[in-house]
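Trainee: I would like to take a close look at one part of this model, the charged side-chain pairs, and then at the open space in the protein. Could you walk me through them slowly?

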Amino acid sequence: MRSEALPMRRVVGQLGAMYFVAEGPDGLYLIDQHAAHERILYEKLMAEQTHHQVASQSLLDPITFTPMSQYAGLLAEYAATLGELGFVLEPFGGTTYLVRAIPSVLHRTDPTQALQEVLEGLTQDEDLVGGEREARLVRVICKRAAIKGGQVLSLIEMRELVRQLEGCSSPRTCPHGRPTMVLLSASQLEKFFNRR
């Protein structure tokens with residue numbers, strides 16, 4: 001059940017290859033495409049993890065990955081958790097691993113760079129434990145996988161992202177707490193144009 005249901009929006013276009021412009025019953029929305037996509041991916045991946053059904057993308061050829069020395073222990077410690085999140089890693093001698101699969105949300109990224117960023121994310125907020133740390137891992141994965149600012153999208157892609165965002169339980173912020181959208185209400189617009 002959605003906790004912050006949003007009204008339906010009609011996508012008008014893209015602004016600066018960073019924001020969507022959409023019309024809703026209560027005014028004009030500017031939607032941050034990166035933050036919105038992060039929220040969508042986060043809720044999807046958390047739901048998949050809850051049901052132990054995280055989708056993985058197998059690599060045609062496994063890639064060897066040797067983490068920077070300060071992250072080698074973290075990789076060994078969190079290999080099982082990373083496995084639950086869609087990474088399929090196999091020890092390959094010393095601190096080197098074979099990467100056989102990655103979470104499907106990362107299918108467009110460099111697997112070794114994505115894994116390195118995930119490990120870097122683990123070093124932040126050292127006081128997190130258990131589920132909090134897993135949620136942080138999911139946030140790092142989603143940040144890496146989300147559409148970036150500067151990426152031009154078709155109207156169909158924008159409409160689909162807005163439709164998915166409307167279905168999120170917390171659509172107004174990304175997993176890191178940044179707003180996904182700003183509303184310019186009909187009354188604010190009237191004021192701007194001296195219609196009141």
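Mentor: Let us begin with R163, which forms a salt bridge with E160, the closest N and O atoms being 2.4 Å apart in this predicted model. Because R163 and E160 are three residues apart in helix α5, about one helical turn separates them. Both partners can be placed by their accessibility: R163 is partly exposed, with a relative accessible area of 47%, and E160 is also partly exposed, at 31%.

That pair is one entry in a count that comes to eight salt bridges. Another of them joins D32 and R178, where the closest N and O atoms are 3.4 Å apart. Here the contact links distant parts of the chain, since D32 belongs to strand β3 (residues 27-32) while R178 sits in the loop between α5 (155-166) and β7 (181-185), 146 residues apart. The two ends of this bridge fall into separate accessibility classes: D32 has a relative accessibility of 15% and therefore counts as buried, the cut-off being under 20%, whereas R178 is partly exposed, with a relative accessible area of 36%.

A further salt bridge is found where the side chains of E117 and R144 meet, with an N to O distance of 3.2 Å. This pair, too, links distant parts of the chain, with E117 in helix α3 (residues 111-122) and R144 in helix α4 (residues 130-145), 27 residues apart. In this case the acidic partner, E117, is the partly exposed one, with a relative accessible area of 28%, and R144, at 17% relative accessibility, counts as buried.

From the charged pairs we can turn to the open space. Rolling a probe the size of a water molecule over the atoms shows where empty space is left. The largest pocket has a volume of about 510 Å³, and its lining is made up of 19 residues, of which H37, H107, R108, A145 and I147 lie nearest the centre. The elements that give two or more residues to this lining are α1 (33-50), α4 and α5. Two of these names have come up already: α4 is the helix that holds R144, and α5 is the helix that holds both R163 and E160. Sorted by class, the lining of the largest pocket has eight nonpolar, five polar and six charged residues.

Methods: Residues are numbered from 1 along each chain as its sequence is written. This is a predicted model: local features need pLDDT of at least 70, side-chain atom pairs count only at pLDDT 80 or more; totals for chains, interfaces and linings use all residues. Side-chain values use heavy atoms; hydrogens and water are left out. A salt bridge is a side-chain nitrogen of Lys or Arg within 4 Å of a carboxyl oxygen of Asp or Glu. Helices (H or I, at least four residues) and strands (E, at least two) are DSSP runs, numbered from the N terminus. Buried means under 20% relative accessible area, exposed over 50%, partly exposed in between (1.4 Å probe, protein chains only). On a 1 Å grid over the protein atoms alone, a cavity is a set of points where a 1.4 Å probe fits but cannot get out, and a pocket is an open set with protein on both sides within 12 Å along at least five of seven lines; lining residues have an atom within 4 Å of a point. Grid points are joined across faces, edges and corners, and a volume is the space filled by probe spheres set on the points. Ala, Val, Leu, Ile, Met, Phe, Trp, Tyr, Cys and Pro count as nonpolar, Asp, Glu, Lys and Arg as charged, and the others, Gly among them, as polar.
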